[in-house]
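Open the model in your viewer and keep the sequence panel beside it. The stops below can be taken in order.

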Amino acid sequence: MSLAEKLKDKKVLVTGVTGFVGEALLHRIIGELPGTTVAAIIRPKGSLTGADRMAQLLRKDIFKPFYGEGTEYADAEALSAARIHVIDGDLADVPELPKDLDIVVHCAGDVSFDPPIHEAFTTNVLGTKSLLERIVETGQPVHYVHISTAYTAGRRRGAIPEAPVDHFVDWRTEAEAGMAMKSRIEEQSRSAPMLAKFRKEAEKLHRRAGHLTAAADTERRRTEWVAKRLVETGTERARSLGWTDCYTFTKALGERVVEEFSGKLPTSIVRPAIIESAVQSPHPGWIEGFKMAEPLILAYGRGELPEFPASPDSVIEIIPVDHVVGAICAVMATEPELSKPEYYHIGSGARNPLTFEQLYAGVRAYFSKHPFDLGERGAVRLPVWKFPGGDSVETMLRYGERAHKIADKIITTIPRGERTRKYARELDVQKRRLDFLRRYMDLYSEYAQAELQFIDDNVLALHNALEGDDKEKFACDTAVVDWQYYLQELHCPSVTESMRRLDVVRKKRNKALAESAGVLKKVEPSEAKVVAAFDMDGTLLSSNVIETYLWMRLPELDGPQRANEIGAMLRKLPKLIAAERKDRGTFLRTIYRRYAGADLEELNQIVDEILAEHVLERLSGAAVRRIREHRAAGHKTILITGAVRPLTRPLEPLFDEIVAAELAVDDRGRCTGFLSGPPLVGESRAAWLKHHARQTNIDLSKSYAYADSHSDLPMLSVVGNPVAVSPDVSLFRAARAARWQIVDWKTSSTPSRLELPGVNAR
């Protein structure tokens, strides 16, 4: 009797139907089991109901042959109405189930290798328990088919039988402890020592930008630490008890839950190995999302995986998804006894092993014929694996991490410039590669070095019992797979297709961004006002506060006084640099205290008569053009600077408004050494812009801001069009992460940075 006949008029509940295996199973039931109906528990997502998500699923290409012209069903909705019963719900709160179920296939679960420990227990253990309780409530002898993993065997070696995993762990105790970890680690993260640690790390990076920026980063660090600790706790608890990771640990405990219920329900436990793309169905090479091997294959193809911690002759247990689905369908048609679960390993290593050396050879052969194109750099140079062993790979990785840490510390302290940003960009690429390698080495080294052989006699018996063309429709004998053909002609082309499409889209987007850079839209009279806010030092002109102070101060001093002033500044320079890195407002006040006794009108005269030409020579031509473009577009141009007001006088024709540091004077017009108000630095610039926007009907979402320093991150963040101009390393990295425009406005090379204008003019 065929499987279609055995399963005719059966109603099958499937969980996880929107996942990889669940979707393939639904496709097989609809296509090959015409007398079988499906009930599906689907979690609502946002505004989408479970029925909405099922409709989206059925509109995928693999389901289109089942409806439309020339088929029994007119459209996806008609197919769903006839064959599928959607139940809104999820494993966290399993709804009441229909009373007419015959079979339940539990595919849903947390399939991440490194989930937070409480989430893994919620889904893989407690969710399974809740589902089983709901099935028992129906009062029907439902055949329960539990989809687990072959790696519930943990860190054992040798032959693994199709039988219960032998361990002593109590799932109830572990579930209670695992669920409590969330609150425990949250509480620990909020302790004074931990908060101080996060705050100091954030302030070290963001103190120049302001306290609120540092506070936001402090909370980000805290939440990331909590998430990381929840993952680490799950991994370490799993390994302390003999499993590879939290995923296999909780799946093994989930099996214990299932075994307890097997006295009430006829039960089958299906344990697939590493599920990858299809050989035949839904179509050759079909896969959705990245599974276990895909990130590694793609990284190798991009030249970013120099080695792998596996023995070349170790076996990797890959299984095509259609073989998994074929076995599940065959298991659905069995009739297990109560209190005696049947176990099924779906793997390939027992009779058709694929070694890591063979996997490497197949993947390398594919990319040698079909390399990724890196544009100007040409085809990727593929790494040559020598399989030196896990310890050697770990040593190489640690050396790379230490070297990067030293280089990164250096790059953040050397003077900024185009070459510095180039080095920073290269270091960031290297950091992403190192982080990728660390993550996947930690995740996969256990699997790569495992020496397991999953006995699959029960699955082979299922395959051999199939009659007629069912042996092809529901094939589950992996001995027939030609691994080199599978890798080079099916799997690698499928997993790289989306990446190649993404590369094309990325190139087009980058080209469009390059072509549109600098194009400003003219503001129509009916639209809200738009501003373009500019920083001065380092953005519009090559200067800094100490340098401009000397420009202003030295012309009014005689020879000995000039020498004393320059000497004093040189002696204070290390402290001034340290102060500037800690708090720019305090740094500016320290510099401006040295104006004490200067005549403000005389400072203005010095700027007008001596410094104006020098300042204008320092202006970037690109900056001037951009300012004029904004004015031509109807934008209000604003200069926001921490420089003193007199120094901005040469720039007045370019701007509609200038906000600068105001030197306080006494009743004789002499500078007191203080400012008439706090200097606009860091977050205060963002606050000023917001206040100004509210008062004058400015639309910040359409406005622009230009700055060069990480301290200006808050100002750049409040506008819709931020531009990092010749940025320092910290701002450069923030701009790249946020996908902001980055420009390099070069200034004239004529003036020397050592030139002190006008010192001989008086």
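Select I406 first: in this predicted model I406 counts as exposed, because its relative accessible area is 55% and the cut-off for that class is over 50%. The residue sits in helix α13, which spans residues 390-411. Add I410 and I414 to the selection; with I406 they make a nonpolar surface patch of about 260 Å².

Next, go inside. The structure has two cavities of 30 Å³ or more, and the largest holds about 310 Å³ of space. Its lining consists of 25 residues, and those closest to the centre are L296, F308, I316, F356 and L359. To see the surrounding elements, colour β8 (274-276), α10 (294-301), α12 (356-369), α14 (418-448) and β11 (452-454), each of which gives two or more residues to this lining. Which element gives the largest share? That is α12, with four residues. By residue class, the lining of the largest cavity has 23 nonpolar members, two charged and no polar ones.

Now turn to charged pairs. Side chains of opposite charge can pair when their charged atoms come close. The structure holds 46 salt bridges, and the next selections take some of them in turn.

Select D100 and K11, whose side chains form a salt bridge at 3.4 Å, N to O. D100 is in the loop between β3 (84-88) and β4 (103-106), while K11 is in strand β1 (residues 11-15), so this pair ties together parts that are 89 residues apart in sequence. The two ends differ in exposure class: D100 is partly exposed, with a relative accessible area of 44%, whereas K11 is buried at 14%.

Move to R271 and E255, a salt bridge of 2.8 Å, N to O. Here strand β7 (residues 267-272) carries R271 and helix α9 (residues 246-261) carries E255, so the pair ties together parts that are 16 residues apart in sequence. Are these residues buried or exposed? Both R271 and E255 are buried.

For a pair within one helix, select R501 and E497; their closest N and O atoms are 3.0 Å apart in a salt bridge. Both lie in helix α17 (residues 483-516), four residues apart, or about one turn of the helix. E497 is partly exposed, its relative accessible area being 44%.

End with a group selection: K197, E201, D217, R220, R221 and E224. Salt bridges with shared partners join these residues into one network.

Key: Residues are numbered from 1 along each chain as its sequence is written. This is a predicted model: local features need pLDDT of at least 70, side-chain atom pairs count only at pLDDT 80 or more; totals for chains, interfaces and linings use all residues. Side-chain values use heavy atoms; hydrogens and water are left out. Patches are made of residues with over 30% relative accessible area and no salt bridge: like charges are joined within 9 Å, nonpolar side chains (Val, Leu, Ile, Met, Phe, Trp, Tyr) within 5 Å. Accessible areas come from the Shrake-Rupley method with a 1.4 Å probe; for residues, only the protein chains shown count as cover. A salt bridge is a side-chain nitrogen of Lys or Arg within 4 Å of a carboxyl oxygen of Asp or Glu. Buried means under 20% relative accessible area, exposed over 50%, partly exposed in between (1.4 Å probe, protein chains only). On a 1 Å grid over the protein atoms alone, a cavity is a set of points where a 1.4 Å probe fits but cannot get out, and a pocket is an open set with protein on both sides within 12 Å along at least five of seven lines; lining residues have an atom within 4 Å of a point. Grid points are joined across faces, edges and corners, and a volume is the space filled by probe spheres set on the points. Ala, Val, Leu, Ile, Met, Phe, Trp, Tyr, Cys and Pro count as nonpolar, Asp, Glu, Lys and Arg as charged, and the others, Gly among them, as polar.
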